[in-house]
Amino acid sequence: MASLRGMQQPELSKKLFKIIKSENHAIGAYESASRERISIASQISDWGEATGDDSISDVSDKIGVLLSEMGEQEDLFAQNLEDYRSVLKQIRNTESSVQPSRDQKAKITDEIQRLKYKEPQSTKLVQLEQELVRAEAQNLVAEAQLTNITRQKLKEAYDIHSAAVIERAEKQILLSRHMRRLIQLLDDTPVVPGDVRPAFEHSAQARQILNDAEDDLREWQPSMDPIPSSAADMGTNLMPPSTTAESTVNPSVAGGGDDVPAHLEPPEQRDVSGSTMVQETPAEYQRQ
């Protein structure tokens with residue numbers, strides 16, 4: 001089914017569709033890693049208790065707590081990647097919406113060339129040339145909207161992605177450092193047969209290490225510099241405010257109308273014989 005959806009994608013959005021699909025597989029892998037890490041955390045705790053060694057049991061139990069939190073961080077990372085993926089979808093959807101305007105422009109251009117070759121005196125040429133001017137104007141708006149949304153959302157997407165990677169890395173480092181503190185409490189001095197190991201004397205210290213880890217996670221704050229954006233003032237038509245009055249929203253991109261911008265309307269048309277003439281837009285080509 002996914003392959004079928006990929007085949008149905010407009011040519012313009014196929015590559016990004018594939019990236020988004022691949023990211024979905026990657027996110028699934030992180031979610032699976034999270035579940036496996038949490039499961040392993042439980043197993044290491046159970047194993048430590050089964051050894052019958054109080055020191056190993058205490059330390060392994062707290063290692064399990066830290067491992068479980070690492071697993072939770074993997075799940076949080078997967079959620080952040082899903083947010084990043086959702087932003088990429090906005091670019092893909094815009095690409096999909098621009099494809100028809102490109103296709104329409106190419107279709108009219110091909111039809112004009114065909115008529116000029118087969119029926120150079122056809123009156124339909126005038127109508128098609130008027131329609132081509134409209135199609136070019138609408139495509140010009142759509143292409144501007146596409147480049148605006150692509151730049152804005154690409155920055156936003158990889159701002160989210162890179163911040164998520166940094167957060168995951170810093171928190172995993174934080175937890176790993178506390179784990180290293182914890183395992184230092186375990187005395188691995190060799191004993192000879194018949195010797196009895198002393199009781200574990202660091203239970204309180206081990207509990208404090210977990211408390212420290214919890215506090216550090218709660219107090220963690222992002223340390224990366226924000227990524228600046230100049231797109232904050234972009235209007236709902238995906239254009240700068242200065243062009244709002246004269247630019248038309250591509251309806252499939254931003255939900256607006258489909259009239260051609262006034263400054264792009266041609267004041268006159270040229271007929272096939274080369275004389276200049278003002279043309280009314282035929283009724284069948286007028287927009288509602």
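**Notebook: chain totals, cores and two buried residues**

I began with the surface of this chain, which exposes about 17,700 Å², and I noted that carbon and sulfur atoms supply 51% of that area. I keep in mind throughout that the model is predicted.

Next I looked up the overall make-up: the secondary structure comes to 6 helices and 2 strands, and, read from the N terminus on, the elements run α-α-α-α-α-α-β-β. Of the 288 residues in the chain, 33% are buried. I also checked how contacts spread along the sequence, and among those between residues at least 6 apart, 73% join residues at least 24 apart.

**Cores**

Which residues touch the most other members of the largest nonpolar core? That core has 17 residues, and I found Ile63, Leu66, Leu67, Leu175, Met179, Leu182 and Leu185 to be the ones with the most such touches. The elements that give two or more residues to this core are α3 (54-118), α4 (124-183) and α5 (203-219). I then took Leu175 by itself and, setting aside residues up to four places away in sequence, listed its contacts as Leu66, Glu69, Met70, Gln73, Ala213 and Leu217. A second core, separate from the one above, holds 12 residues, and I noted Leu16, Ile20, Leu81 and Leu88 among them.

**Leu132**

I moved on to Leu132, whose place is in helix α4. Is Leu132 buried or exposed? Its relative accessible area is 15%, which is under the 20% limit, so I record Leu132 as buried. Not counting residues up to four places away in sequence, Leu132 touches Lys105, Ile108, Thr109 and Ile112. For one of these partners, Thr109, I also looked up the backbone separation: the C-alpha atoms of Leu132 and Thr109 are 6.9 Å apart, although the two residues are 23 residues apart along the chain.

**Ser101**

My last entry concerns Ser101, which lies in helix α3. Because its relative accessibility is 17%, again under 20%, Ser101 counts as buried. What does the side chain of Ser101 have as polar partners? One polar atom of that side chain lies 2.8 Å from the backbone oxygen of Val98, and a polar contact of 2.9 Å joins the side chains of Ser101 and Asn139. When I left aside the neighbours within four places in sequence, the residues in contact with Ser101 were Asn139 and Ala142, so Asn139 appears both in this contact list and in the side-chain polar contact, given that contact means heavy atoms within 4.5 Å.

How values were computed
Residues numbered from 1 in each chain as written. Predicted model: local features only at pLDDT ≥ 70, side-chain atom pairs only at ≥ 80, totals over all residues. Heavy atoms only, no water. Core = buried A, V, L, I, M, F, W, Y, C linked by side-chain atoms within 4.5 Å. Buried < 20%, exposed > 50% of the residue type's maximum accessible area, 1.4 Å probe, protein only. Helix = DSSP H or I, 4+ residues; strand = E, 2+ residues; numbered from the N terminus. Polar contact = N/O pair within 3.5 Å; in protein donor to acceptor, adjacent residues only side chain to side chain. Areas by Shrake-Rupley, 256 points an atom, 1.4 Å probe, with all protein chains shown as cover.
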